[in-house]
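Reader: I should be grateful for a close look at one part of this model, namely the surroundings of its bound molecules. Please then place that part beside the helix packing elsewhere in the chain.

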Amino acid sequence: MKVLKFGGTSVASSQEIRRVRSIVGNITGTRVAVVVSAMGGITDLLLTMATLASEQDPEYKKILKEIENRHLTCIRELLPVDQQSAALSKVKSELNILETLVEGAFLIGETTPRLLDKVVSYGELLSSFIISQFLNADGLDACFKDSRELIITNEVFGKAAVRFEETNANIRDYFEHNNTQVNVLPGFIASSSNGNSTTLGRGGSDYTAAVIAAAVEAEELEIWTDVSGMYTANPKLVKQAKAIEHISYEEAMELSHFGAKVLYPPTIQPVLSKNIPIRIKNTFQPDSPGTLVTRSENGKGKTVRGISNIGGIALVSLEGPGMIGIPGISKRFFEVLSLAEISVVMITQASSEHSICVGIAEQDADLAVTVVNEAFAYEIESRKLKPVLAEKGLAIIALVGDNMKSHQGLSGKMFSSLGKNNVNIRAIAQGASERNISAVIVQEDVKKALNTLHEAFFEEQVKQLNLFVMGVGNVGSKFLNQVQQQKKYLKENLKLNIRVVGISNSRTMAFDENGIPLTDWEQVLSKGQPANADQFLAQIRKLNYRNSIFVDNTASEDVAAMYESFLLQSISVVTCNKIACSSDYENYRKLKRLAREYNAPFLFETNVGAGLPILDTLKHLIASGDRVHKIQAVLSGSLNFVWNNFNDNTTFYEVVKQAQEEGYTEPDPKIDLSGIDVMRKILILARESGYQLDIDAIENKSFLPEESLETKDNDAFFNTLEKHEPAFQQLYKEAAEEDCKLKYVAEFADGQANVGLHKIPRGHDFYNLEGSDNIVLFYTERYPRQPLIIKGAGAGAAVTASGIFADIIRIGNF
Ligand code: ADP
Ligand code: ASP
Ligand code: MG
C-alpha cells in the first residue's frame, strides 16, 4: 500500500483537487490511503472565527459565510450536477453544527482548547469528504474514512499524543476489512478515548499520514506539497535553494525541527522505525523528482545537507556568581520550564558554568521569566543569581548534515561568513551528534544569514556582489556599461555574479531587488523616486544583502561623509571620490579602521592615477615589508594634458576648455589647475605609504594668478585665464628656451610633500610623458636607486571606471 498526503495548497480549490485526482489516478497495482489537509487557509479561518466569537464580535459570521462559500463552490465545480445535491446538503448540515458550536462560544464569550479542536476539525473533515466524493464521481474506486475512528490520542488538545497500540490495531483492522482502492482520510484530526475530537498540532496532517503508513507498513509515504521537495534552504527566502535529491531521516528531522516546515517534525519517527521511505513531491510539478528520505548512507554525500531557520525565538539566560556553588541548578532550571510546559528548542552552557542559556518560543518568554524568577527567588535575593531576562525578536539558523562530524572547519566557515556580513551571533549550539550547528541571531538578519550560508556551502562556485551605485555622470555611466559588458565573463571565469541593486544620481534613485537591467538603467533611473541620500542608505540597510558594495562615482563631500555609516554595517565602499582619503588624518584612519573591524573593504585605487594600479602596488610593497623613502610623480592627467598641448600657437584658455570638454578635468577645473587635486593625490600616496600627513602641511607653489584662485565659479575662472594669457605664455617661453617641458610634479621625501610646476629637461623620466598620462616613481628600500615606475593613462572616464571595476573584483576575491 502507498500513503499519499496532500497539503493545504494542494487542495486549495477545485482546480488543485483535479491535479490530486490525476496523481492518485496514476497509481496502479497497489491500494492507496489519501490523507488530506483542510483547503488552504481554512484552518486559520476557523481559528480566527472561534476567537472572534469568543470575543463576542459578530464579525465571526462573515468568516463562517466565507468558509461555507469556499466548500460549496468547490462541490459545484467538481461534482456532476445530478450528484451535487447530496454532497451539498451533507456539507451544509455539518456547517450548521459548526455554526451552533461557534454560537455557543459567542454567547458565553469564551472558547476552550477542547472546543477549538472541535471547531478546526471541520477543515479536514469537509475537504476529505468532498475529495472522496469527487474521486468517486470521477471514476475511481474511492471512499471516505473518518480518521477520528482510527487514531486515538490523549486529551492534550491542540497537540495530542497518539496512543499507538490502539491506533495501530484500528488502522490495521480497517484496512484488512476494507478493499476499496482509494481511501480518503482527513489529516490532522483524531479523537480521545472519550470520543472528543483532538488535533495533532499545526501542520499535523503529515503526521497522520506517517502514522497510517507505519501501521500498515506501507511501501512508501508520499508527501505532496507546493514545493519540489525538501530544499537546501527555505525556497521562499533563498532563491538559489535547490531540492535535495536524497536525505537521511535524521537530517530531515533536524531540518524540520529547525523550521523546514515542508515536513512536520514528528512525521519521521513512525516511518523511520519501519524503514519506510518518504518521498516529498510537488503537486504542481508532479514530474520533478522531489526528495527521497531514507536511512542514512553513512559517509556518503555532502557534509552540509541543508540550512534551516526558525523564527519567534527568545533567549532566557540564568547567570550569576553563585551558579557554580548551587547544586542541581540546571536540573531545577529545566524542571521549572517543563512544569510550565515550556519546551526548550536549544541549550547552551558556557564551560565556566557561569550561565545557562536556553532558546524557547517567544510566546513563552514572559511566562518563563516569571516562573524561573519565582523558583530562584532566594538565590536572586541573596545575589547568587541575577534575575533572568528574556531577549525577544530572535531566530535560530542551523546547518544540518550527517557527515558534518567528520569534517573540520565547518563552524569556522559558518561563523566567518556570517561575521563578514555583519550578522551578530547571540548564542551558539552544536549537538553532540554534530549533525547540527545552530546559531541564534536577530530576526531581521535571517534572510541575509541564510543567503550568506547558502552561498558559502552550496554555491561555492558563484559569489554574488550587490552593488549600490551613486553618481552616473561621465565615470558612473561608463562603469555601468563596463559591468554590463563583463557580466557574463565574470560569472563564467571568475565566478562572480555582479548585480546592481540600486542607482542614484542627484535627481532620482531606483532599486530593483532582482538587479537593475543594465541595458536599460537610464530609463529605470529616470522613472525612480526623488533622490535622497538618507533614504538611499536606509534602503540598503533594509535590503540587508550580503556582499553589499557602495560605489561612489561622485566628487561630493556629502557622499564621502556617508562612508562611515556603510562600513559600520559591513557594507564595502569603492570610490573614485578623493575627499574622504584626503580629509583630516583622523577621519582617514577611522575609515581604514572601520573597514578592518567590520570586514568591509574600503578601496579607492582610482583616487590616484585613475585606473593605474598604483595604490594596489604600494599596498603589496608595504605588506611585504618594503619601506617607501621618496615618491616623485606626475599625477594630474588634466595638467599634463594642458601643459602638453599648450604652446605659442594656442591659448591657455582654449586648452583648458578642451581638457574639460574631453572629461580630463574635475567638474570644477580649478581643483585641477590650482594643484589641489595633485595635493590630495600625493597626500593619499604618503598616507598609504604609512606616513601621517595632513593637506595643509603640503607646499603648493601654484602657477595660477591670485585672481584665478579667488574665483567662485567656472565662468569667472575661465575669464581670468583669458585675461592672464601673457603670464602663461611667459611660463611656456622660459621653459622652451631651456629646451625643457613643463610638468606639474608632486614630491614626497623625508616626511614632507610639495607640488608645483617644474621645467623638465630632455632625458628625464617625466620628459616624454604624453597626453594625459601619469607617472609615479617609488624609491624604496628595495628600489633605492632605480625606482619602481608605474606609468600610463591617468585620467579619463573610461580608465577611471575600469579602476573602480578592478576594486570591485578585488572585493569579490576577498
Ligand atoms: P503543506 O500545506 O503542503 O503541508 P507547508 O506550507 O506546510 O505545505 O510546507 C511547505 C512550505 O514549507 C513551502 O512552501 C516552503 O515555504 C516551506 N519551507 C521551509 N523550509 C523549507 C525547505 N527547506 N524546503 C522546502 N520547503 C520549505
Ligand atoms: N490544516 C492543518 C494546519 O493548517 C494541518 C495541516 O495542514 O497539516 O495546520
Ligand atoms: Mg505542512
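Author: A polar contact is here a pair of N or O atoms within 3.5 Å. With that cut-off in hand, the second ligand of this predicted model may be taken up at once. A polar side-chain atom of Ser37 lies 3.0 Å from an oxygen atom of ligand 2, and the pair therefore falls within the 3.5 Å limit. The side chain of Thr43 places an N or O atom 2.7 Å from a nitrogen atom of ligand 2. The backbone also takes part: an N or O atom of the Gly204 main chain is 3.4 Å from an oxygen atom of ligand 2. As for burial, ligand 2 taken alone exposes 260 Å², of which the protein buries 85%.

The full set of residues surrounding ligand 2 consists of Ser37, Thr43, Glu124, Phe188, Arg202, Gly203, Gly204 and Ser205. By class, this shell divides into 1 nonpolar, 5 polar and 2 charged residues.

Ligand 1 can be described along the same route. It is surrounded by 16 residues, and the closest are Thr225, Asp226, Tyr231, Lys236 and Lys261. One of these, Lys261, has a side-chain N or O atom 2.8 Å from an oxygen atom of ligand 1. In the case of Lys5, a polar side-chain atom lies 3.0 Å from an oxygen atom of ligand 1. Val262 contributes through its backbone, where a polar atom is 3.4 Å from an oxygen atom of ligand 1. Taken alone, ligand 1 exposes 570 Å², and the protein buries 89% of that area. The shell around ligand 1 comprises 7 nonpolar, 5 polar and 4 charged residues.

The helix packing may now be set beside these sites. Helix H1, residues 14-25, and helix H5, residues 113-137, have axes that come within 11 Å and cross at roughly 55°. That angle makes H1 oblique to H5, and their crossing is right-handed.

Further along the chain, helix H10 (residues 329-339) packs against helix H11 (residues 365-375) at an angle of about 135°, with the axes 9 Å apart. H10 is therefore oblique to H11. The crossing in which H10 passes H11 is right-handed.

The remaining pair is formed by helix H21, residues 614-623, and helix H25, residues 676-688; their axes come within 10 Å and cross at roughly 20°. H21 and H25 are therefore roughly parallel to each other, because angles under 35 degrees count as such. H21 passes H25 in a right-handed crossing.

To return to the part requested, the contacts described for ligand 2 include side-chain atoms of Ser37 and Thr43 as well as a backbone atom of Gly204.

Technical notes: Residues are numbered from 1 along each chain as its sequence is written. Chains are lettered from A and ligands numbered from 1 in the order in which they are written. This is a predicted model: local features need pLDDT of at least 70, side-chain atom pairs count only at pLDDT 80 or more; totals for chains, interfaces and linings use all residues. Side-chain values use heavy atoms; hydrogens and water are left out. A residue is near a molecule or strand if one of its heavy atoms lies within 4 Å of it. A polar contact is a pair of N or O atoms within 3.5 Å; within protein, one must be able to donate a hydrogen and the other to accept it, and residues adjacent in sequence count only if both atoms are side-chain atoms. Accessible areas come from the Shrake-Rupley method with a 1.4 Å probe; for residues, only the protein chains shown count as cover. Ala, Val, Leu, Ile, Met, Phe, Trp, Tyr, Cys and Pro count as nonpolar, Asp, Glu, Lys and Arg as charged, and the others, Gly among them, as polar. Axes are lines fitted to C-alpha atoms, for helices over the stretch in contact, and angles run from 0 to 180 degrees between N-to-C directions. Helices (H or I, at least four residues) and strands (E, at least two) are DSSP runs, numbered from the N terminus. Angles under 35 degrees count as roughly parallel, over 145 as roughly antiparallel, 65 to 115 as roughly perpendicular and the rest as oblique. A crossing is left-handed if the near helix is turned anticlockwise from the far one by less than a right angle, and right-handed if clockwise.
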